[in-house]
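User: Please take a close look at one part of this model, the surroundings of a single polar side chain in its interior, and then place that part in the fold as a whole. Long sentences are welcome, provided that each term is given its cut-offs.

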Amino acid sequence: MINDLQAFVASLPTFTAVLGVLAISAIPFVESYLGSAIGIVAGIHPLVAVPAAIVGNIISMLVFVRVTQGARARALRDRETPEMSPRRTKLRNAFDRYGVAGVSLLGQTILPSQITSAALVSFGATPRVVVLWQVVSIILWGVAFGLLATLGVDVLTT
């Protein structure tokens, strides 16, 4: 899949390739970190690829937060609490232990930011706080993987 996404971005004209990176970074499990790397490996300058990947990831995360916020409001109005899956229980335990900041920064090692942010809001975390910490996390992960991809491309081309 990653090779297909990279080939897709590489096949686009330069300006459209940036939009391609933005679009693929909105996909859960691709996000800012793989989107940055894919864009850089496809030949987009890191100072363009990384921000495009970050913006794409942030936009999709905001959609997930907004949808979850509305669903939670409806669920609380009806007062019916669904059972949690084992994965959701694990995330809830991490939330109780590390808070929004910890889950946001480390959660991307387990789940995509979109799912993590939606889960945090469903647990009752303030959406504004969730968005703030998710944006920080998305930027950090995107820049880190962009740097790794840049170094890797530099090593391969020299």
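Analyst: A contact here means that heavy atoms lie within 4.5 Å of each other. With neighbours up to four places away in sequence left out, glutamine 134 touches Met61, Ser104, Gln108, Ser113, Thr116, Ser117 and Leu120. This is a predicted model, in which local features need pLDDT of at least 70 and side-chain atom pairs count only at pLDDT 80 or more, while totals for chains, interfaces and linings use all residues. Residues are numbered from 1 along each chain as its sequence is written, and side-chain values use heavy atoms, with hydrogens and water left out.

Glutamine 134 sits in helix H7, residues 127-157, where helices are DSSP runs of H or I with at least four residues, strands are runs of E with at least two, and numbering starts from the N terminus. Glutamine 134 counts as buried because its relative accessibility is 0%, the classes being buried under 20% relative accessible area, exposed over 50% and partly exposed in between, with a 1.4 Å probe and protein chains only.

One of its partners, serine 117, belongs to helix H6, residues 113-122, and serine 117 too is classed as buried, because its relative accessibility is 0%. Apart from residues up to four places away in sequence, serine 117 touches Met61, Phe64, Val65, Val130 and Gln134, so that Met61 appears in the list for serine 117 as well as in the list for glutamine 134.

Elsewhere in H7 lies valine 136, which counts as partly exposed because its relative accessibility is 31%. Its C-alpha atom is 9.2 Å from that of alanine 101, although the two residues are 35 apart along the chain.

Phe64, a contact of serine 117, also contributes to a nonpolar surface patch of about 590 Å², together with Phe29, Val55, Ile59, Val63, Val67 and Ile115. Such a patch takes residues with over 30% relative accessible area and no salt bridge, and joins nonpolar side chains within 5 Å; a salt bridge is a side-chain nitrogen of Lys or Arg within 4 Å of a carboxyl oxygen of Asp or Glu. Helix H4, residues 46-78, supplies the largest share of the patch, five residues. Phenylalanine 29 comes from the loop between helix H2 (14-24) and helix H3 (31-41), and phenylalanine 29 is classed as partly exposed because its relative accessible area is 48%.

Glycine 56, by contrast, is placed in H4 and counts as buried because its relative accessible area is 2%. Outside four places in sequence, glycine 56 is in contact with Leu22, Ser25 and Ala26, and its C-alpha atom lies 5.1 Å from that of serine 25, a residue 31 positions away in sequence. In H3, nine of the eleven residues are buried, among them Tyr33, Gly35 and Ile38, and after H3 comes glycine 43, with a positive phi near 105 degrees.

As for the whole, the protein has seven helices and zero strands, and 37% of its 158 residues count as buried. Among contacts between residues at least 6 apart in sequence, 74% join residues at least 24 apart. The C-alpha atoms fill a box of roughly 60 × 30 × 25 Å along the principal axes.

Key: Patch = residues over 30% accessible without salt bridge, like charges linked within 9 Å, V, L, I, M, F, W, Y side chains within 5 Å. Areas by Shrake-Rupley, 256 points an atom, 1.4 Å probe, with all protein chains shown as cover.
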